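I opened the notebook to look up ring contacts and a few side chains. Short entries follow.

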Amino acid sequence: MLPIKEYVMKKKSELKDKILIMAEKPLLKIIQVNDDYASSTYVNGKIKDINEIGATVELEKLPIDISEKDLLIKIEETNKDDSVTGFIVQLPLPKGINEEKVKIAVDPKKDLDGFNPLSHFESATPKGILTYLIDQNYDFKGKNALVIGRSNIVGKPMAKLLLAQDMTVTVAHSKTPIDTLKKLVKEADLIVIAIGKSGFLNHSFEYKKSAYIIDVGINRNEENKLTGDCEKDLPVAFQSPVPGGVGLLTRLALLINLVEAKENGF
Ligand code: NDP
């Protein structure tokens, strides 16, 4: 497996080459309402990525006290704006604004986050993971996948994508008894864990030596260090690192979605 950092660099350079020969550069618009440190960090990361591949990015910051109605009007305007290839509304939104209404207001053809159920795009984290595995020639067919976590943005879409690769997929969650989970972990060829519990998969579980583990979790441990949902150095064939793993693949997937949107003439 090509390490994720190197893989992402390579893919970005491929995207840059594609954009270079496009008659018109793709334009990503970011709508940001919350101006807190975390939201601004994510937005700045996205702007940096877009600039790196030579696409265009436009950030529109809206007042934190904007009403839901006015935000929906802004989304409708952006849906109709032909200069915008695709856009995202940075989450979370301030209290009082219904995120679900906002998600379904985004035109499915421009919904690069893939949050609208009718979106033409896969949501970024599962898409980034799948693209990485496919590009590394991972042999999915007939193997056992275990997805731990069943959120709408990671667990469920991940399970769907792995099913489409002909894997035998099991989804575990907080109500899965620990003994059952231990058995499932022992039999899994591919584990994707997204639960938000630092070091949950640890050395007390038994794994297949040939297993691949994709660690989606982003947590802070007692020393305030960034950690995944797995302990380090599990006895498996491949384990994605945290930091420097799925976070990078998620950022990459947004870029892939943007270029695909332009290529498809949206
Ligand atoms: P959610 O909180 O929406 O969902 C967590 C899921 O984990 C739920 O389905 C929950 O089960 C399950 N769960 C919780 N505890 C356990 C347990 N002990 N055993 C088994 N399952 C459990 O989280 P997200 O999916 O949004 O995110 C998960 C993690 O991934 C977080 O750390 C988040 O920060 C990170 N993340 C990272 C991204 C990246 O780019 N690297 C992108 C998105 C998320 P139940 O449904 O029963 O409550």
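These are my notes on aromatic pairs, charges over rings, a surface patch and one phenylalanine. I kept in mind that the model is predicted.

**Entry 1: aromatic pairs**

I searched the whole structure for aromatic pairs and found seven. I took Tyr132 and Phe238 to begin with. Their ring centres are 6.2 Å apart and their planes stand at 45 degrees, so I logged the pair as tilted. The tilted class holds what is neither under 30 nor over 60 degrees.

Where do Tyr132 and Phe238 lie? Tyr132 is in helix H5, residues 124-135. Phe238 is in strand S10, residues 238-239. The pair therefore ties together parts that are 106 residues apart in sequence. I checked burial too: both Tyr132 and Phe238 are buried.

Next I looked up Phe205 and Tyr207. They form a tilted pair as well, with 6.4 Å from centre to centre and 40 degrees between the planes. Are Phe205 and Tyr207 buried or exposed? Phe205 has 7% relative accessibility, so I noted it as buried. Tyr207 has a relative accessible area of 12% and is buried. The cut-off for buried is under 20%.

I then followed the ring pairs from residue to residue. They link Tyr7, Tyr132, Tyr138, Phe140, Tyr212 and Phe238 into a cluster. Tyr132 and Phe238 from my opening pair are among its members.

**Entry 2: charges over rings**

Tyr138, one of the cluster residues, also has a lysine over its ring. The charged end of Lys143 sits there, 4.9 Å from the ring centre. I noted a second case at Phe115. Lys103 lies over the face of that ring, at 5.3 Å from its centre.

**Entry 3: surface patch**

Which residues make up the nonpolar patch on the surface? I listed Tyr42, Ile218 and Leu226. Together they have about 310 Å² of accessible area. I looked further at Ile218. It is found in the loop between strand S7 (212-215) and strand S8 (219-220). Its relative accessible area is 54%, so it counts as exposed.

**Entry 4: Phe200**

I placed Phe200 in the loop between strand S6 (190-193) and S7. At 27% relative accessibility, it counts as partly exposed. What does Phe200 touch, leaving out residues up to four places away in sequence? My list reads Ile178, Leu181, Ile193, Ile195, Phe205, Asp229 and Cys230. I looked up the spacing to Asp229. Phe200 and Asp229 are 29 residues apart in sequence, and their C-alpha atoms are 5.2 Å apart in space. Phe205, also on the contact list, is the buried ring from Entry 1.

Notes:
Residues numbered from 1 in each chain as written. Predicted model: local features only at pLDDT ≥ 70, side-chain atom pairs only at ≥ 80, totals over all residues. Heavy atoms only, no water. Phe/Tyr/Trp six-rings, centres within 6.5 Å; stacked < 30°, edge-to-face > 60°. Helix = DSSP H or I, 4+ residues; strand = E, 2+ residues; numbered from the N terminus. Buried < 20%, exposed > 50% of the residue type's maximum accessible area, 1.4 Å probe, protein only. Lys NZ or Arg CZ within 6 Å of the ring centre and 35° of its normal. Patch = residues over 30% accessible without salt bridge, like charges linked within 9 Å, V, L, I, M, F, W, Y side chains within 5 Å. Areas by Shrake-Rupley, 256 points an atom, 1.4 Å probe, with all protein chains shown as cover. Salt bridge = Lys/Arg side-chain N within 4 Å of Asp/Glu carboxyl O. Contact = heavy atoms within 4.5 Å.
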